[in-house]
Amino acid sequence: MTLSCPEGSNYAAIAKQLHETAMQAEERISELEQELRSAVNRPTIVQTFTAPQTGFIDNLESNFGSSVGPFVYPFNNVPGDFTVDNSDDTYIYLGEGIYEIGVSATAVPAGVVNDNSIRIWQIKHYRPDPGSLDPVLPGFSFVDRTASTQVEANSVIGVKVAMAGTFRIMPGDRILFTILHTNTLSTITLSDIKCYMSKVSDASLTEVL
Amino acid sequence: MPTNTLNFNLPYPSGTDAPCDFDEQWCDFTAAIDSVFDTFQAALDRTVPVIPAAKLRLSAPADFVDSSPVIFDSVVFDTAGFTDLDADPYHIFINRTGRYTVTCMSVVITQATIPPGFLGTWVLVEDGLGGGDFTAMNQATDVGGGLGYFIPGYEAVLTITAGSRLSLVFTAGSIVIRNMLEAYMSVHWHSDTERPS
């Protein structure tokens, strides 16, 4: 939109034209301001889980996070109670795009520790697929993941993970956090669980340099 | 004679200008305002709703030479023309200087003939001028066993200049042919390199 200006012969309409210029300028400024606010306030959800999550048995990939225990939002600028993980609605509301998703946690054996046993943490991205028999999420197909393998050194403090990845997510897709461990002598307890999601970009448009 | 504002050079009439010149001066003013708005819009268009970002993924196992670039078989997203998988399935090419977040992951089975062993991965950034940098580094201890080793890397803030290219590298300590089960390399811009005013 460009701002209009008066023609030479129409002096009588000066006041009206000035009013029109002012209104057009205000409209353009308002549009720019809204875009600027969008640029510096990307949709972001941060969750902190308020209680340990327990009972994870060995050699079974198991969900943790929002599907298991309570949480609070240290920060959330997305209207509503959407969660980073275990939700179809989150990414329906926010729309297709490129998202950065991260999780951190501590895993400690509840009882006896197997030296050099494995912990595999995953941020898994699934897409609706009604015919799928995926063992972790039936009705969905696996698309992508960020994962981390750690070795339990039997140091009493367990193992800690902090990882993040970028995902191209479509409306209806679902994110899950999972853990798989080989500590056969006892279950695992997860604590200090935090996660975040931030929409960094639309994915379907060509970027303007 | 019209004068101009200090910061954006917007023209406005002075007290000695003839009233009959007002319409022309007003048009000059609105044209100048439009130009300023266009400059702001161009700056915003660089950041919202799309930023430069690209992710390459290896979805099916493939052989590679230890410490050499890993091959990819799919583009997860590319908003800026950073990739050309047909021409080069190993690299992401950067065409806008800025600060970027870089992530990666390598997935292998145990590589240790006699555990424990070392598994390391990183992204190599070559600036096209002979320089290079290692980023998004991570390692895992290979204690053997039948489960896959997932090694993710993350670099939150890295300055990358236009003309650079990125590749994913993995090593288990000796230059042999290995098999990568799965991998990805991702980069997204988050700011320019100017100092805030």
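**Exercise 1. Place A:Tyr196 in its strand, and work out which residues surround its side of the model.**

Solution. Start with the address: A:Tyr196 belongs to strand β10 of chain A. Keep in mind that we're working with a predicted model.

Next, check accessibility. A:Tyr196 has a relative accessible area of 26%, and buried would need under 20% while exposed would need over 50%, so A:Tyr196 counts as partly exposed.

Now look for partners far off in sequence. A:Val84 sits 112 residues away along the chain, yet the two C-alpha atoms are 6.5 Å apart. Leaving out residues up to four places away in sequence, A:Tyr196 touches A:Ile45, A:Val46, A:Val84, A:Glu100, A:Ile101, A:Gly102 and A:Ala164, plus B:Tyr154 from the other chain.

**Exercise 2. Stay in β10 and find out what phi does at A:Asp192.**

Solution. A:Asp192 is in strand β10, residues 188–201 of chain A. Its phi is positive, about 55°, although A:Asp192 is not a glycine. At 44% relative accessible area, A:Asp192 is partly exposed.

For a second case, go to A:Asn86, in the loop between β4 (71–76) and α2 (89–94) of chain A. Here phi is near 55°, again a positive value in a residue other than glycine. A:Asn86 is partly exposed too, with a relative accessible area of 29%.

**Exercise 3. Is A:Ala147 buried or exposed, and what does it touch?**

Solution. Find A:Ala147 in strand β7 of chain A, residues 140–151. Its relative accessible area is 0%, so A:Ala147 is buried.

Then list the contacts, skipping residues up to four places away in sequence. From chain A you get A:Trp121, A:Gln122 and A:Met163; from chain B, B:Met105, B:Phe150, B:Ile151 and B:Pro152.

One distance to try yourself: A:Ala147 and A:Gln47 are 100 residues apart in sequence, and their C-alpha atoms are 19 Å apart.

**Exercise 4. Do the accessibility and contact check for A:Val136.**

Solution. A:Val136 is in the loop between β6 (118–128) and β7 of chain A. With a relative accessible area of 17%, under the 20% cut-off, A:Val136 is buried.

Beyond its neighbours within four places in sequence, A:Val136 is in contact with A:Glu61, A:Asn63, A:Lys124, A:Tyr126, A:Leu176 and A:Thr178. Take A:Leu176 from that list: it lies 40 residues from A:Val136 along the chain, with 9.3 Å between the C-alpha atoms.

**Exercise 5. Test the length of each α1 helix against 1.5 Å a residue.**

Solution. Begin with α1(A). It has 27 residues, so it should span 39 Å, and its end C-alpha atoms are indeed 39 Å apart.

Repeat for α1(B), residues 22–45. Its 24 residues should span 34 Å, and the end C-alpha atoms are 34 Å apart, so that agrees as well.

**Exercise 6. How do α1(A) and α1(B) pack, and which residues make the contact?**

Solution. Two numbers describe a pair of packed helices: the angle between their axes and the distance between those axes. For α1(A) and α1(B), the angle is about 10° and the axes are 10 Å apart. Angles under 35 degrees count as roughly parallel, so these two helices are roughly parallel.

Now the residues. Among those making the contact are A:Leu18, A:Ile29 and A:Leu36 of α1(A), and B:Phe22, B:Phe40 and B:Leu44 of α1(B). Sorted by class, the contact has 12 nonpolar, 4 polar and 5 charged residues.

Burial comes next. In α1(A), the buried residues include A:Gln17, A:Arg28 and A:Leu32, and the buried residues of this helix pack against α1 of chain B. In α1(B), B:Trp26, B:Ile33 and B:Phe37 are among the buried ones. Their cover includes α1 (14–40) of chain A together with β2 (11–12) of chain B.

**Exercise 7. Size up the interface between the two chains.**

Solution. Count first: 48 residues of chain B are in contact with 53 residues of chain A. Then the area: about 4,200 Å² is buried between the chains, with carbon and sulfur atoms giving 62%. On the chain B side, B:Trp26, B:Phe37 and B:Phe150 lose the most area to chain A, together 16% of what that side buries.

**Exercise 8. Where are the cis peptide bonds from B:Val48 to B:Pro49 and from B:Pro115 to B:Pro116?**

Solution. For the bond from B:Val48 to B:Pro49, omega is near 0°; B:Pro49 is in the loop between α1 and β3 (53–58) of chain B. For the bond from B:Pro115 to B:Pro116, omega is near 5°; B:Pro116 is in the loop between β7 (98–108) and β8 (117–126) of chain B.

Definitions and conventions: Residues are numbered from 1 along each chain as its sequence is written. Chains are lettered from A and ligands numbered from 1 in the order in which they are written. This is a predicted model: local features need pLDDT of at least 70, side-chain atom pairs count only at pLDDT 80 or more; totals for chains, interfaces and linings use all residues. Side-chain values use heavy atoms; hydrogens and water are left out. Helices (H or I, at least four residues) and strands (E, at least two) are DSSP runs, numbered from the N terminus. The expected span of a helix is 1.5 Å times one less than its number of residues. Buried means under 20% relative accessible area, exposed over 50%, partly exposed in between (1.4 Å probe, protein chains only). Contact means heavy atoms within 4.5 Å. Axes are lines fitted to C-alpha atoms, for helices over the stretch in contact, and angles run from 0 to 180 degrees between N-to-C directions. Angles under 35 degrees count as roughly parallel, over 145 as roughly antiparallel, 65 to 115 as roughly perpendicular and the rest as oblique. Ala, Val, Leu, Ile, Met, Phe, Trp, Tyr, Cys and Pro count as nonpolar, Asp, Glu, Lys and Arg as charged, and the others, Gly among them, as polar. Buried area is the accessible area (1.4 Å probe) that two parts lose on being put together, summed over both.
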